[in-house]
Amino acid sequence: MAKPSLAGRRMNIVTERTRRGMSQEDLSAALHVHTNSVVSWESGRVMPDGKHLLALSEFFDCDPTYLMERVGDKDA
């Protein structure tokens, strides 16, 4: 079953990753996923599943909803 697409929206996942000075490879290693998964999430082609979205929100210490937004403030 295909995951919903967000049609090329750049997600806050990339904002948080770059804020930490991490490469896509660094993030994929930290989450134990393939780099292609990170690329797909960041581009908005594919949404992370629940397990990975929770892992991302814990890793970046923010609300999962913030990570899926195009723009936003993680402390809002």
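1. Start with the loop between α4 (50-60) and α5 (64-68). Asp-61 lies in this loop. The model is predicted. Phi of Asp-61 is near 55 degrees, a positive value. Asp-61 is not a glycine. That deserves a look, because most residues other than glycine have a negative phi.

2. Is Asp-61 buried or exposed? Exposed: the relative accessible area of Asp-61 is 65%, and the cut-off for that label is over 50%.

3. A second residue belongs in this note. His-32 has a phi near 60 degrees. This value is positive too, and His-32 is likewise a residue other than glycine. Where is His-32 found? The loop between α2 (24-31) and α3 (35-43) holds it.

4. His-32 counts as exposed because its relative accessibility is 72%. Both positive-phi residues discussed here, His-32 and Asp-61, sit in loops between helices.

5. On the overall fold: the protein chain has five helices and zero strands. Read from the N terminus, the order of elements is α-α-α-α-α. The two loops above join α2 to α3 and α4 to α5.

6. On packing: the protein chain has 76 residues, and 36% of them count as buried. Take the contacts between residues at least 6 apart in sequence. Of these, 61% join residues at least 24 apart.

7. On the surface: about 4,600 Å² of the protein chain is exposed. What share of it do carbon and sulfur atoms supply? They account for 52%.

Key
Residues are numbered from 1 along each chain as its sequence is written. This is a predicted model: local features need pLDDT of at least 70, side-chain atom pairs count only at pLDDT 80 or more; totals for chains, interfaces and linings use all residues. Side-chain values use heavy atoms; hydrogens and water are left out. Helices (H or I, at least four residues) and strands (E, at least two) are DSSP runs, numbered from the N terminus. Buried means under 20% relative accessible area, exposed over 50%, partly exposed in between (1.4 Å probe, protein chains only). Contact means heavy atoms within 4.5 Å. Accessible areas come from the Shrake-Rupley method with a 1.4 Å probe; for residues, only the protein chains shown count as cover.
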